[in-house]
Amino acid sequence: MAEGFVNFYLQRLDTLLLQEAESFSGFEDEVQRIMGMLREIGSFSAESGSTAETDAASWVRELKDIINEMDDSVDRFIIQMDTHSGSEQKKLIDSFSHELQKTSSCLAETVLVHRTRKLNSSIKGEKREDENIHGMDEGETSASYSSSKLQYKNLPYQLQICFAYCCIFPENYWINKGRLIRLFIAEGLIQGKAGEVIEDIAQENINELINLGMLQVADHPGNGIKLVVPSHHREVCLHQIKEEEFQTACPNSDSSLPLTVRCVSIHSDMKQVESVLSKVRSRSLFLFGNRGSSEDNWNWLNLYGSKFLRVLDLEDSKIKHLPDEVGDLMHLRYLGLKQTDISELPERLGNLRALQTLDIRRCGNLKAVPNEVLNLLRLRHFKMFKNIGIGGMSIPIGIGRIKSLQTLTGIYAGDGIARELGSLIQLRRLGVMDVNEDDVSELFVSVTKMRELLCLSLQAKHAFHRGTLTLLESFIPPPLLRKLRLEGILERIPNWLGLMERLTCLRLGYSHLSENPASVLQHLPNLKILSLWHAFDTKQIGKEFCRAGGFPKLEDLTIASHVLEEWTELVEGAVPSLKFLHMRNCLRLRMLPEGLQFITTLKQLSLLPLLNDHEERLRPDGGEENYKIKHIPQVKFITMSAVNQIALHSRGVVKKEE
């Protein structure tokens, strides 16, 4: 445990020395001396097996207290140096030097004490075992609890802190995987490795927790990966992080919070925030379940405790404005405003020099971002999506100077932006909306330069209302591209699409093709997720949809069509890996394909909606088509009559309220 914690903090100091070189000028030797002591601690702490468990735990707590105090000192020094000048800065430098010397002395003392305990234990021949080898406290009798606790304790420290962070979210909360990756990085929970992108390392950690069963996938990949913490693992984790004062939820404003709390989640409203941040120096603040106005509840931004925040996640809250004072949160790395009621961003947002993630998807009437965002030179993930008009967000010329950007989504590429995107060759995810014919040539030239691009989304202007998406045959997709989304009418499937061997996920939306796209797509060797959303206008699909062996790795298929009436036949051996089949908005579909019964890999079939007479034919008690679906473990449907009843009820409620 100590080794992992020490290595974790060593990485933070290394990062700070690089990012805050000006603030640490003159302190390099003292900081390196402390880092040397920490490395020494990390090297021998792994050998402390002969020391009694209780002594080891006590020593780890002492070590954490010292390191957490230094963490506070470092953050405090950076904050104060930014707000003072002249002789005041000289006093701060002297004070910080004294604090570093104090930290060195405390580390030396705790190392000496630990070595003495270890020596005494060796001399006496003590080899005390844990009083409860399974780690169960008195009164704990659940076998699953015991197993979960042992599993948690056996995790490497890096995975322990990542898993503990997942328990910040409310019980049964669906956590978006991408959001979790960005939060891990903002919190500094991920140790970088030479030659690897830190987002990939974070994803590896999450995948490992999924493989261990400590995180579960709550939704199928077609809707994006959502994760949830199983209840028995959550119970164990909450017990552990309460002991370690890692985080706390605040059910009421009278909650008693230890000063060492690093992460606070509030599950009611922002009125509690001022009370909480007046007591602690939290690094993260989450607001869940807020449904009230908060226009007059921003006084906490002026509290000294707020200045330590690295994460401010207000997603799904009903805040209506963001005050200028948010620009004073100089340590802030993550600002989550998704699905709030904010319609304008403050100019001082550009002061957030440490910001890595800015998520402003579906924010009120927000239509453009201020020029000051160009000052956010450490920004890695800039996620946008307009609420009103479902068009691209206007961004300022100069966006190409933010060379750290990994994600840029929901943008409008007109007014010269399409050409400037060519400067962002490091992008891994790009989403462009309101694509028009005038910008296509420059846009595709820019995209071709993005050799690291993994995900690309292009949406035509008025895509949902027969807007045309122009694709150039001369386009050469970036070599690593895995996910592609195309929204708008397509004249035909471009030849290059059938050559994208790395492609794993594809959505064709509102393409209204007259030709069968599957004739090309079924040859893609790694395609796992395919959504044909009003992509193919035909009344009947037959065996020509897919040959035997076609779509060899496809696991998730979605078809939506207002035109389709019959799917008559599916060749035996087609889509051999299919797990999820979704028929959505197929308002006229009255026949499922013969041959569906041969797809033994299917786990779920959803028919939303389902014609009433078709439901009769699929019934298990004599339905003539039931043999096609009886092998599928989960069949979900809503009949047309049920849909109509829901619609009538909704209109009735609205009428009554009026």
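Select Gln339 to begin. This residue is partly exposed, with a relative accessible area of 32%. It sits in the loop between β8 (334–336) and β9 (357–361). Check its backbone: phi of Gln339 is near 55 degrees, a positive value in a residue other than glycine. Keep in mind that the model is predicted.

**Arg362 and its ring**

Go next to Arg362, in the loop between β9 and β10 (381–385). Phi of Arg362 is near 55 degrees, again positive in a residue that is not glycine. Arg362 is partly exposed, at a relative accessible area of 31%. Now add Phe385 to the selection. Arg362 lies over the face of Phe385, at 4.6 Å from the ring centre.

**A cis peptide**

Select Leu608 and Pro609. The peptide bond that joins Leu608 and Pro609 is cis, with omega about 0 degrees. Pro609 belongs to strand β21 (residues 604–610).

**Strand β16 and its partners**

Select residues 529–533, which form strand β16. How many of its five residues are buried? Five of the five, and the strand is mostly covered. Look along the side chains. Ile529, Ser531 and Trp533 point one way, Leu530 and Leu532 point the other way, and all are buried.

Add strand β15 (residues 505–509). It runs parallel to β16, and five bridges join the two. Pick Leu506: its bridge partner in β16 is Leu530. Then show strand β18 (residues 556–560). β18 also pairs with β16 in the parallel sense, over five bridges. Here Leu530 stands opposite Leu557 of β18. Leu530 therefore has a bridge partner in β15, Leu506, and stands opposite a residue of β18, Leu557.**Strand β6 and its partners**

Move to strand β6, residues 284–287. Both of its faces are covered. On one side are Ser284 and Phe286, on the other Leu285 and Leu287, and all are buried.

Show strand β5 (residues 263–266). Four bridges join β5 to β6, and the two run parallel. Ser265 stands opposite Phe286. Now show strand β7 (residues 311–313), which pairs with β6 in the parallel sense over three bridges. Which residue of β7 is the bridge partner of Phe286? It is Asp313.

**The aromatic pairs**

Switch on the aromatic rings. A pair of aromatic rings is described by the distance of the centres and the angle of the planes. The count for this model comes to 17 aromatic pairs. Start with Tyr173 and Phe288. Their ring centres are 5.4 Å apart and their planes are at 70 degrees, so the pair is edge-to-face. Tyr173 lies in the loop between α6 (157–166) and β1 (175–176), and Phe288 in the loop between β6 and β7, so the pair ties together parts that are 115 residues apart in sequence. Phe288 counts as buried, at 6% relative accessibility.

Jump to Phe444 and Phe475. The ring centres are 4.5 Å apart and the planes are at 40 degrees, so this pair is tilted. Phe444 lies in helix α12 (residues 437–448), while Phe475 is in the loop between β13 (455–460) and β14 (483–487), so the pair ties together parts that are 31 residues apart in sequence. Both Phe444 and Phe475 are buried.

Return to Phe288 and widen the view. Ring pairs link Tyr165, Phe169, Tyr173, Phe184, Phe286 and Phe288 into a cluster.

**Helix α6**

Tyr165 of that cluster is one of the buried residues of α6. Select the whole of α6: ten of its ten residues are buried. Among them are Tyr157, Leu159, Ile161 and Phe163, along with Gln158 and Gln160.

**A three-strand sheet**

Follow the chain on to β1. It is part of an open sheet of three strands, ordered β1-β3-β2, with antiparallel pairing. β1 and β2 (216–217) stand at the edges, each with a single partner strand, so one side of each is left without a neighbour in the sheet. Add strand β3 (residues 226–228). Two bridges pair it with β1 in the antiparallel sense. Ile175 stands opposite Leu227 in β3.

**Last stop: a surface patch**

Switch to a surface view and select Ile638, Val643 and Ile646. These residues make a nonpolar surface patch of about 230 Å². Val643 lies in helix α15 (residues 640–657). Val643 is partly exposed, with a relative accessible area of 31%.

Definitions and conventions:
Residues numbered from 1 in each chain as written. Predicted model: local features only at pLDDT ≥ 70, side-chain atom pairs only at ≥ 80, totals over all residues. Heavy atoms only, no water. Patch = residues over 30% accessible without salt bridge, like charges linked within 9 Å, V, L, I, M, F, W, Y side chains within 5 Å. Areas by Shrake-Rupley, 256 points an atom, 1.4 Å probe, with all protein chains shown as cover. Salt bridge = Lys/Arg side-chain N within 4 Å of Asp/Glu carboxyl O. Buried < 20%, exposed > 50% of the residue type's maximum accessible area, 1.4 Å probe, protein only. Pairing = 2+ DSSP bridges. Phe/Tyr/Trp six-rings, centres within 6.5 Å; stacked < 30°, edge-to-face > 60°. Lys NZ or Arg CZ within 6 Å of the ring centre and 35° of its normal.
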